[in-house]
Amino acid sequence: MNRPFSPPADLDKHTPVMQQYLRLKAQHPQQLLFYRMGDFYELFFEDAERAARLLDITLTTRGQSAGTPIKMAGVPFHAVEQYLARLVKLGESAVICEQIGDPTTSKGPVERAVARIVTPGTLTDAALLDERSDSLLLALTIHRGTLGLAWLNLANGELRAMECPAPALALHLERLRPAEILLPEDLRLAGLEQAGFALRRLADWQFDAATGRKLLTDHFGTHDLAGFGADRLEVGLAAAAALFDYAQATQRQALTHVTHLKVEEESEFIRLDAATRRNLELTETLRGEPAPTLLSAMDLCVTTMGSRWLRHALHHPLRDREQIRQRLAAVAEWVDDRPGTGVEDIRSELKGIADIERIAARIALKSARPRDLSALRDALRRLPALAALLSASEAPLLVSIHATFGFPPQVVALLEGAIAAEPAPALRDGGVIATGYDGQLDELRDIQANCGAFLQELERRERERSGIANLKVEYNKVHGFYIEVTRAQSDRVPDDYRRRQTLKNAERYITPELKAFEDKALSAQERALAREKWLFEQILLALTPSIPDFQALARALALADGLAAFAEIARRHDYVAPTLTDAAGVDIDGGRHPVVERQVEHFIANACQVHTTRRMLLVTGPNMGGKSTFMRQVALIVLLAHVGSFVPARQARIGPIDAIFTRIGASDDLASGRSTFMVEMTEAATILNNATEHSLVLMDEIGRGTSTFDGLALAMAIARHLLERNGALTLFATHYFELTRLATEYPECANVHLDAVEHSHRIVFLHAVEDGPASQSYGIEVAALAGIPASVVRDAKRRLRALENRQIAAGPQEDLFAHLSEADPPPANHPALTALAALSPDDLSPREALEHLYALKRLVET
């Protein structure tokens with residue numbers, strides 16, 4: 001953010017206003033500079049062209065400066081927030097330059113200064129933020145294979161940092177989804193430029209651990225960072241240095257609402273890699289839409305703070321079982337609906353409570369608006385009723401929430417006495433401070449209030465004095481107060497009338513008496529607005545020491561809202577409390593998919609048991625039979641249990657889980673030059689290299705992106721590796737029937753299937769999970785359902801029968817891997833191997849390949 005000052009070389013040739021603009025612009029060459037001029041923010045030269053293109057506003061040219069036409073584009077000052085919101089969504093940043101001098105006393109251009117810098121990751125204004133999701137500013141750097149991350153939620157003051165292996169970057173980017181990323185100028189990371197993040201490159205020297213340590217100890221007023229658990233961080237503090245300096249530079253002030261540094265450890269949460277978060281559709285569908293997702297199904301929160309807590313919780317399932325049990329106990333208490341603690345009453349009181357979390361941040365940054373304070377006042381008024389509802393709570397978590405509701409009465413008294421019942425939206429409009437709070441302000445307002453009575457009395461007297469019956473005394477913002485007389489009566493006006501304005505059919509005048517009143521009234525209005533502005537600033541200062549209390553209250557309200565939403569969902573949809581066990585495994589009876597069951601009329605519940613003696617389920621069955629839904633529902637039930645929610649099942653017993661991995665579906669990653677199969681293998685490699693005996697693994701049709709034999713060989717090898725090496729709890733869906741033989745080789749492997757039946761030449765999916773392998777895949781029948789022309793379907797059936805008859809004629813097909821072992825390799829000079837070595841598979845048609853296969857079989861049998 002701190003760039004060297006370098007105004008243009010020909011600065012003295014420009015007009016004074018352009019000189020001032022260019023000096024400011026030289027300090028912010030990469031951002032759009034909004035330059036306040038009267039009632040507009042203007043952009044000039046290249047900024048004007050860029051803004052016109054991005055915002056679809058008019059580009060004009062007016063006058064010249066240094067012999068160059070001045071290109072201009074502008075937006076009204078009162079509508080600037082909506083234009084800033086559009087820029088932020090495009091990943092752009094803007095510098096807001098305000099007039100700070102007095103136009104009436106300035107001899108040259110009015111003095112201006114940068115008031116704030118708006119970037120995608122440093123938003124605090126309600127008009128620019130998504131109220132139900134966080135906007136994070138993330139800084140990252142890498143040193144000797146260690147990734148340092150630091151991120152800040154400026155809208156609530158949460159500052160966090162961590163260190164982890166560099167390959168985990170994609171996982172954390174998907175977890176955090178930052179609005180803006182800061183990284184060193186010379187750091188290049190494959191795929192990051194194409195990932196769609198707003199990137200800001202800073203000088204490498206800004207990522208310095210010693211600087212980060214000094215910045216944070218100075219800010220927190222501590223000797224070191226040991227109290228935050230950050231004393232051993234190096235790369236993480238290097239990222240924090242750039243992050244904190246950048247954030248302070250954009251806000252042009254200290255970040256007083258950042259009161260704590262939290263050091264995260266990877267072991268705190270169940271590991272969910274980027275593919276898993278996408279495949280499980282936690283907060284976004286595979287098409288990038290907000291619904292239907294797990295979040296959309298679970299979000300019954302009645303406050304925006306609660307919705308944000310829920311979004312964060314779904315992406316951060318806990319591993320600390322004590323924390324999980326505390327959440328479950330709180331939900332259970334509300335599900336039981338004990339007298340005086342009804343969840344409906346709790347939700348009713350929470351409904352409509354303002355976003356205290358973000359209001360507190362705006363108070364700290366001195367950017368709070370009048371209605372922020374009135375909303376805060378109204379929210380604090382509800383605390384006694386909420387406290388009463390929670391007073392009989394027994395769950396420890398609800399007891400701790402109740403303790404935060406005893407807010408200092410002097411803060412409530414200040415807001416009730418100082419802020420008008422219905423304040424104006426903006427401070428400049430007046431009417432913000434309550435009557436009776438400040439005597440001086442009340443006196444100035446009285447002058448304005450009596451203005452109407454004075455004008456009526458003056459109008460009556462002037463009509464009598466002049467004899468003009470239709471004389472009017474009026475006011476407008478352009479000409480102030482005036483006496484209006486029709487043109488026909490203008491020769492009858494008294495001698496002390498002075499003409500102020502001539503209209504087509506009337507004349508407007510001012511008198512010494514009216515002029516004296518105008519000076520008094522208008523100055524009273526100006527002084528009243530100035531007094532209100534000063535009083536409002538003093539109120540913000542008085543509230544600043546209470547910011548930590550506001551933040552604690554906001555966290556408690558968000559948690560209460562999230563837990564109440566869990567309880568309401570459990571009551572509505574028949575969820576049950578999961579049982580957390582110490583034994584490894586997942587035992588679910590009557591499990592349902594929390595999202596899909598809301599989309600269909602009748603959902604078939606299914607059981608799932610995986611444990612130490614049954615570590616892998618080989619799931620077979622027809623396409624569209626429900627294999628993927630079954631596997632996803634198991635993962636989502638496990639995830640919901642670790643968030644602290646009840647789960648959609650008749651019963652669920654869940655052992656320790658350290659990670660959830662999925663390999664479900666795939667698509668090309670053209671930006672990184674990876675094919676569908678490469679994406680599939682990359683995801684599989686992540687699982688094989690990281691899954692442990694406490695991991696839940698979902699594998700769906702691995703190997704389908706390549707040739708049949710290659711895919712089958714890979715699927716078999718991967719399944720064996722998961723059984724022999726990883727020992728993970730695995731659901732392995734496949735269409736390769738050969739894999740079902742693994743159940744005969746490994747006692748901890750079992751076959752299950754989702755069946756279908758043919759009825760009246762149609763296929764009917766049963767969606768029920770049964771023991772044993774499936775009998776067939778019904779691929780041709782599913783193709784017919786998809787709308788494949790009947791002629792193609794008939795041809796496919798004929799060819800299938802021919803292939804099956806040919807197989808019968810040649811003898812039953814044996815397991816491709818039945819005789820392959822290291823102890824009994826095939827002879828090196830066998831004729832079949834010689835013939836096989838002479839083949840070029842890439843040059844063969846499917847028919848030729850089949851013919852060669854039968855020829856090889858005959859050679860083996862001779």
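This passage describes the overall make-up of a predicted model and then turns to a helix pair and a neighbouring topic, helix α20.

The secondary structure of the chain comprises 28 helices and 27 strands. Along the principal axes, the C-alpha atoms occupy a box of roughly 130 × 75 × 65 Å. Of the 862 residues, 49% count as buried. When contacts between residues at least 6 apart in sequence are considered, 67% of them join residues at least 24 apart.

Two packed helices are described by the angle between their axes and the distance between the axes. For helix α17 (residues 439-449) and helix α19 (residues 512-543), the axes come within 9 Å and cross at roughly 150°. Because this angle is over 145°, α17 counts as roughly antiparallel to α19. The crossing of the two helices is left-handed.

On the α17 side, the contact is made by Q440, L441, L444, R445, I447 and Q448. Their partners in α19 are K520, A521, A524, Q525, R527, A528, R531, E532 and L535. By character, the residues of this contact divide into seven nonpolar, three polar and five charged. An α-helix has 3.6 residues a turn, so residues three or four places apart point the same way.

Helix α20 (residues 547-573) offers a look at a single element. From its first C-alpha to its last, this helix of 27 residues reaches 39 Å, close to the 39 Å expected at 1.5 Å a residue. Helix α20 is also mostly covered, with 20 of its 27 residues buried. Just after α20, D574 adopts a positive phi of about 60°.

Notes
Residues are numbered from 1 along each chain as its sequence is written. This is a predicted model: local features need pLDDT of at least 70, side-chain atom pairs count only at pLDDT 80 or more; totals for chains, interfaces and linings use all residues. Side-chain values use heavy atoms; hydrogens and water are left out. Axes are lines fitted to C-alpha atoms, for helices over the stretch in contact, and angles run from 0 to 180 degrees between N-to-C directions. Helices (H or I, at least four residues) and strands (E, at least two) are DSSP runs, numbered from the N terminus. Angles under 35 degrees count as roughly parallel, over 145 as roughly antiparallel, 65 to 115 as roughly perpendicular and the rest as oblique. A crossing is left-handed if the near helix is turned anticlockwise from the far one by less than a right angle, and right-handed if clockwise. Contact means heavy atoms within 4.5 Å. Ala, Val, Leu, Ile, Met, Phe, Trp, Tyr, Cys and Pro count as nonpolar, Asp, Glu, Lys and Arg as charged, and the others, Gly among them, as polar. The expected span of a helix is 1.5 Å times one less than its number of residues. Buried means under 20% relative accessible area, exposed over 50%, partly exposed in between (1.4 Å probe, protein chains only).
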